[in-house]
Amino acid sequence: MKKVLLFILCWISISFSFGQQIELGGNWNFKLDPEDVGLKRNWQTGNFEESLILPGSLASNNKGYRVDASTKWTGLIVDSTWFKSDRYSKYRSKDNFKTIFWLQPDRSFVGAAWYSREFTISEPMSNGELLLSLERAHWETTVWIDGKKLGMRNSLAAPHDYLSEKLTVGSHRITIRVDNRIKDIDVGINAHSISDHTQTNWNGIVGKIVLKKIPQISLSNIKVYPDIDNKCVRVVMETQNNTGKTKKVNFLLNASSKFSPQLHKVQLLEKEHEVPVGKDKYEVIYPIGDGFYKWDEFNPYLYDLTINCIHGKEKSTYNTTFGMRKLGIRGTQFEINNRLIFLRGTLDCAVFPKTGFPPTDLNEWKRIFHVIKSHGLNHIRFHSWCPPEAAFAAADELGVYVQAEGGGWTVVGDGNGFDKWIYKESRQILDTYGNHPSFITYTYGNEPEGKNQGEFLGNLIDYLKKYDGRHFYTSASGWPDIPSNDFYDAMYPRMYVWGDGLKSQNNANSPSTDFDWKNIIRKYKVPYISHEVGQWCAYPNFKEISKYDGVLKARNFEVFQEMLMENKLGYLAEKFLMASGRHQALTYKADIEAALRTPGFAGYQLLGLSDFPGQGTALVGVLDAFWEEKGYISPEEFKSFSGTTVPLVRLSKMVYTNSEILNADVEIAHFGEHDIKDIVPTWELTLEDGNIVTSGRLNKQTIHIGNAISLGKIEYNLSEIMRPEAIMLNVNVGKYHNRWKIWVYPSEDEDYTGDVILTDTMDEKTYMALEKGKNVLFSPRKGSVNSDKGGDITMGYSPIFWNTAWTKKQPPHVMGILVDPKHPALSLFPTDYHSDAQWWGLVTDANAMVLDSLGDNIRPIVRVIDDWFSNRSLGLIVEGKLGNGKIIVSTADLFHNTEKRLEVDQMKKSLLKYMNSNAFDPNNTFEKVKFKAMFH
């Protein structure tokens with residue numbers, strides 16, 4: 001019996017004039033092997049009693065063991081609070097088991113599982129060798145037919161293909177052992193190729209299961225190398241001749257376009273070649289001719305290539321698809337077909353709640369990529385995993401640039417089993433998916449470890465460049481920076497780098513739109529892509545829970561919702577989502593625009609457009625885990641700052657007085673299909689009611705492809721703004737629009753204090769004044785709130801980064817503010833219901849208050865949205881009756897270091913005006929003992 005492996009391109013569909021194949025999907029028998037005794041007991045020769053459906057996984061068939069506290073998970077758990085805290089004790093019970101680390105399956109199994117079924121060989125299939133192909137098996141497979149072993153495969157990305165000797169007419173049994181344990185090949189327990197944080201470490205086969213008859217002379221691989229300059233493609237065919245003799249074979253190559261405006265049929269090319277025995281390569285140059293269609297994000301035109309192999313009476317046909325595209329680098333930016341592109345990307349972290357494994361059907365991937373493109377993006381990075389064939393096909397069709405990865409997030413270069421495996425895995429990925437024009441960049445995986453990582457990954461890159469030069473390569477996503485990199489994919493050009501905390505760009509600096517990353521990237525001579533940009537969280541959307549009706553359940557969401565309800569805040573869930581979501585979306589806007597403003601920048605990869613429900617629950621997407629909208633930003637709005645063409649302004653600040661001049665440099669990032677010719681950019685300032693304050697036109701000009709392109713300047717004297725206003729600055733360049741909100745306050749000396757007592761210390765004199773019925777504005781210095789009353793909560797301007805469980809409470813610890821814009825206390829402080837730039841000066845020098853420490857059902861003027869792990873009722877500004885008087889407490893410091901924080905003075909004026917009005921009639925009542933215990 002022959003035990004030869006043929007790596008057939010999954011994209012290649014094989015049909016023969018006498019050909020046959022058997023689809024093996026359907027009912028299979030199976031047996032779990034938790035003690036790993038099946039090999040010793042020769043289970044491959046027997047049958048199994050239980051049944052399930054393949055393609056599928058154990059979990060999708062509701063097989064395996066019910067999850068509980070003893071379940072063996074694949075993934076690091078950073079925060080052990082769930083295991084120890086009384087708060088979670090009820091969720092550790094067998095009858096109410098709910099984890100908070102990731103989406104939770106009902107059943108799980110890690111180990112060997114055996115699958116078996118019978119099939120029938122017909123007469124036409126009995127006279128030739130057979131190829132068994134298992135698409136997307138997870139992970140290690142071993143195959144027997146009639147008890148005879150065909151071999152073992154362990155690719156995470158490519159089909160597991162097995163060659164079988166001839167089989168007689170009649171019934172036969174196939175047995176497949178699938179083992180999803182990490183053994184000698186350790187890709188990393190957090191790698192999205194295997195982790196429970198993402199797609200789960202499932203066991204099964206989820207793609208096509210096909211047994212095909214193969215001819216005596218066959219093609220085991222076809223690689224197509226497009227050459228748009230010379231109007232041809234180089235076709236490299238790997239031949240396999242099992243006849244025992246050199247054979248003369250006619251090769252007929254025939255290509256035609258698809259998805260193109262008109263059909264382009266390439267002239268038939270016929271070549272005769274003597275194919276030697278065994279494995280060999282045959283290369284031909286196939287002229288495409290004039291008038292061919294190119295492939296890119298705007299015009300994703302493809303070509304079907306058919307190769308007929310004829311020798312004697314035997315004919316076999318092979319098909320693959322390719323695109324005419326040319327990758328290049330100009331300076332420190334990428335090119336496609338000699339035109340600059342900017343990679344506007346997001347991550348796909350292998351999150352598939354319905355199934356717990358990746359889809360292998362084209363339509364689902366087209367749905368996902370339609371969503372990505374509707375948000376203005378053109379690129380997707382598959383974080384530490386490689387998707388199935390259908391994903392590449394969908395990306396080809398819709399014009400999405402793909403970064404595939406070898407499945408690793410682990411130690412490299414230490415001589416372990418992974419080091420050898422990643423070479424083989426990379427070759428299989430390139431062989432299987434390399435013809436897809438969407439496949440433009442590749443790396444081993446994510447953020448490697450190991451003291452020899454640089455040398456090892458440099459050698460890997462150099463090897464892969466020689467093996468397949470159709471793609472760009474880098475060491476890893478994240479690091480290291482080594483000479484072999486075609487491009488660098490690192491985290492530093494973004495607003496928050498791991499560990500920044502309150503030193504991050506947007507927490508340490510007041511909001512503006514005039515910063516960029518040129519000082520970071522200027523030393524690099526290769527394209528620089530910013531790694532995992534964003535990671536800004538929004539509050540959980542509990543309406544989403546009902547959508548988890550498949551393999552994975554949102555038990556983490558259920559826990560967070562129950563805790564919110566227990567804290568009597570359930571009525572605020574939707575408002576928390578919307579307020580934190582708008583804050584998140586505006587923060588993504590700031591991050592993305594900084595990248596677009598940076599001269600010579602190559603692109604960004606967001607983490608992410610959609611949620612990451614693992615690693616402690618990282619709700620970082622403006623979309624949920626199903627790539628569906630949450631309701632607080634539309635694709636159209638997102639696209640306005642992330643699309644092919646984005647107008648930009650450089651504003652040194654966002655808050656002004658009406659004694660200042662508004663100065664803005666107008667720029668554009670334009671990476672469209674063509675230059676924009678003879679355009680007149682326009683701008684306008686509008687009030688919140690839509691009324692136009694002023695408008696203007698910039699010079700008529702032609703905008704070439706690129707970024708950091710100056711369009712002109714805006715200058716406007718703000719003296720005509722006579723009252724506090726939130727004003728929208730709109731810039732329009734033809735059909736492309738973008739906007740920014742600024743705040744203008746009157747420059748006035750009016751004193752609003754009246755009879756209100758202002759203090760930063762609650763001494764006995766102040767308490768006596770309250771007893772006499774006085775009104776007090778109390779604004780303690782930062783750090784004055786006792787730690788158990790909110791003093792241990794670190795405030796900041798940005799949303800929570802990733803999540804506090806996984807980052808070990810990197811600050812900020814809260815998710816912005818929630819406020820009623822119509823509250824009379826804010827009549828001089830125009831605001832929306834969520835955090836925005838004019839809140840920066842208030843929240844960056846502040847403490848939060850745990851409102852339950854002041855009494856029951858305390859309703860603040862300005863609420864702070866707590867982390868979903870705690871769900872406390874928090875306040876920033878709260879009013880109440882104390883003794884016979886009335887008090888407003890602002891733990892945003894209103895009295896100190898206010899010179900450069902115009903918004904702080906304006907908030908103080910607004911509160912004082914309210915306190916001196918008849919509207920000041922608080923519903924809250926504070927007890928003196930509890931009030932005094934709040935502060936020190």
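A polar contact is a pair of N or O atoms within 3.5 Å; within protein, one must be able to donate a hydrogen and the other to accept it. In this predicted model, the side chain of Gln 333 makes such a contact with the side chain of Asn 707, at 3.4 Å. Gln 333 belongs to strand S26, residues 333–336. Its relative accessible area is 9%, so Gln 333 is buried. Beyond its sequence neighbours up to four places away, Gln 333 touches nine residues named here by position: Gly 328, Leu 340, Phe 342, Pro 527, Gly 600, Phe 601, Ala 602, Phe 671 and Asn 707. The C-alpha atom of Gln 333 is separated by 9.6 Å from that of Pro 599, 266 residues away along the chain.

Aromatic pairs were searched for across the whole structure, and 62 were found. In one pair, the ring centres of Phe 342 and Phe 671 are 5.2 Å apart and the planes meet at 40 degrees, so the pair is tilted. This pair links distant parts of the chain, 329 residues apart. Phe 342 lies in the loop between strands S27 and S28, Phe 671 in the loop between strands S39 and S40. Phe 342 is buried at 0% relative accessibility. Phe 671 is buried at 2%. Both residues belong to one aromatic cluster with Tyr 488, Tyr 524, Tyr 528, Phe 601 and Tyr 604.

Charged side chains also meet rings. Lys 223 lies over the face of Tyr 467, 4.0 Å from the ring centre. Arg 470 lies over the face of Tyr 225, at 4.7 Å.

Key: Residues numbered from 1 in each chain as written. Predicted model: local features only at pLDDT ≥ 70, side-chain atom pairs only at ≥ 80, totals over all residues. Heavy atoms only, no water. Helix = DSSP H or I, 4+ residues; strand = E, 2+ residues; numbered from the N terminus. Buried < 20%, exposed > 50% of the residue type's maximum accessible area, 1.4 Å probe, protein only. Contact = heavy atoms within 4.5 Å. Phe/Tyr/Trp six-rings, centres within 6.5 Å; stacked < 30°, edge-to-face > 60°. Lys NZ or Arg CZ within 6 Å of the ring centre and 35° of its normal.
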